[in-house]
Amino acid sequence: MQARDSGAVTAVCIEVMSPDMLTAWVERGWMPHLEGLRQDGVWARLESDTDLSSGSIWPTFFTGVNPAKHGQFFTHMQLEPGTYEIVKKYADDVPCEPFWTEIGRAGRSCAIIDVPQTRPVEPFNGIHVAGWGGEFPAWPRSSSPAGLMAEITERFGTHALVDQYRMAFGPKTDRDFSRFAEELLHGARAKAEMSHWILKQGPRDLFLTVFSETHWALHLLWDALDPSHPRHDQARAAKSTRTFRDLCRIIDDAIGALRQARPEADLLLFSLSGMGPNYSGRHVLPAVLDRIGMGPRGARRLRPLEASFSTWLRATHGRAVLEGSVSVRAIEIMKRIIPTRLWDKYARRILHAGGGWKRSRAFCVPNDYSGSIRVNVYGREPGGLVAPGAEYEAVCDEITAALLELEHAETGRP
């Protein structure tokens, strides 16, 4: 951060960028503007609630309250309280106002660009762009004032990486990689140009823009950047490194341009989380719960075919239905035809069908990197089997003991 005296703030988020990685790239000379700011300003590490779940990060940032109050956890696939259904959470599911709403009420003007999990709300004192180029926008492409988005898409087009289902798989061939790199860099350039254009629309007390391209890139190219990763490939690593270098330079040039356009403003650069390999064992948790008798009761009363189908769905989480039996291209076509919320609702029902959660004492709910176990508590869940109090505590103790007994099959280590 570099401080000035005007009271205005220009804030830029380089999304999902860990301090160690960013420092290494700055020291390589990829980001000279950022290096200058680091030398002249204040450089510090932030704490966030990333260890809880990635979906809680942004709502915690823009509401200023913790996840227990704003209710956002693994928002891609989150258990709906009072049900056994997994749903997707949208921007209008956040019950607390973003901090810039209060800034507006105080008579100050803001420009907010692509902050994930937010939506434009009228009236708003300034400009709010949502869903143009966010990795997880959780709201359709829109703006405040409403007509601004049409002008943005006319000037800068649409972001090529938004809403692409193939993004879940990453580039597999050289052609896929080249296309991804081209779209990634093009999106970053367009975000930089659009951000500068909006900043020049008029003085804002707060200007905040988010570069999500680093988020996409680290998700899909991590194995190429991490020499210890099991899928690390040296040839691909060289191409990925060049792509990251070019991406860093685009963002760094944007930082320089925004600083030059508003030299009197405080300049704040930040990231709310980092990235790393996911070596968690959460995928074995359903089997562990079954082994210790926490899984569905009464499964033996199912007809053989029904029981086999239920077991298969639980073992695969239903993913084969969407990601194995149907091509990625077909899924992308279907997503363009089927209304988004209808797709989100029924895709998640298929993915998590056969869980048998209503007949379980405890079950696993989706999460990104840490296992999440929910006890089927009487009075909280619609078909609760475990009484609050002593029985609940006994179930927690039994699960804890079983997990602490687990050993790695090859090494014998816990």
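**Salt bridges and a helix pair in a predicted model**

The structure holds 20 salt bridges. It is a predicted model, and a few of these pairings make a good starting point for a reader meeting it here.

One of the salt bridges lies within helix α2, where the side chains of Glu 35 and Arg 38 meet with N and O 3.1 Å apart. Both residues belong to this helix and are separated by three positions, about one turn of the helix. The two partners fall into separate accessibility classes. Glu 35 has a relative accessible area of 22% and is partly exposed, whereas Arg 38, at 19%, counts as buried. The cut-off explains this split: buried means under 20% relative accessible area, so Arg 38 at 19% is classed as buried and Glu 35 at 22% as partly exposed.

Helix α2 also takes part in a helix-helix contact. In general, a pair of packed helices is described by the angle between their axes together with the distance between those axes. Here, the axes of α2 (residues 32-40) and α9 (residues 234-261) come within 7 Å and cross at roughly 60°. The two helices are therefore oblique to each other. On the α2 side, the contact is made by Pro 32, His 33, Leu 34 and Leu 37, which meet Asp 252, Asp 253, Ile 255, Gly 256 and Arg 259 of α9. Sorted by class, this contact comprises four nonpolar, two polar and three charged residues.

Further salt bridges can be followed elsewhere in the model. Glu 97 pairs with Arg 105, and their closest N and O atoms are 2.6 Å apart. With a relative accessible area of 45%, Glu 97 is partly exposed. Another pair is formed by Glu 381 and Arg 380, for which the closest N and O atoms are 3.0 Å apart. In this pair Glu 381 is buried, at 4% relative accessibility, while Arg 380 is partly exposed, at 39%. A network of salt bridges links three residues, namely Lys 88, Asp 344 and Arg 348.

A loop residue completes this short tour. Gly 389 sits in the loop that runs between strand β10 (372-375) and helix α15 (390-405). Its relative accessibility of 40% places Gly 389 in the partly exposed class. Between Gly 389 and Val 377 there are 9.8 Å from C-alpha to C-alpha, and the two residues are 12 apart in sequence.

Methods: Residues numbered from 1 in each chain as written. Predicted model: local features only at pLDDT ≥ 70, side-chain atom pairs only at ≥ 80, totals over all residues. Heavy atoms only, no water. Axes fitted to C-alpha atoms, helices over the stretch in contact; angles between N-to-C directions. Helix = DSSP H or I, 4+ residues; strand = E, 2+ residues; numbered from the N terminus. Parallel < 35°, antiparallel > 145°, perpendicular 65-115°, else oblique. Contact = heavy atoms within 4.5 Å. Nonpolar A, V, L, I, M, F, W, Y, C, P; charged D, E, K, R; others polar. Salt bridge = Lys/Arg side-chain N within 4 Å of Asp/Glu carboxyl O. Buried < 20%, exposed > 50% of the residue type's maximum accessible area, 1.4 Å probe, protein only.
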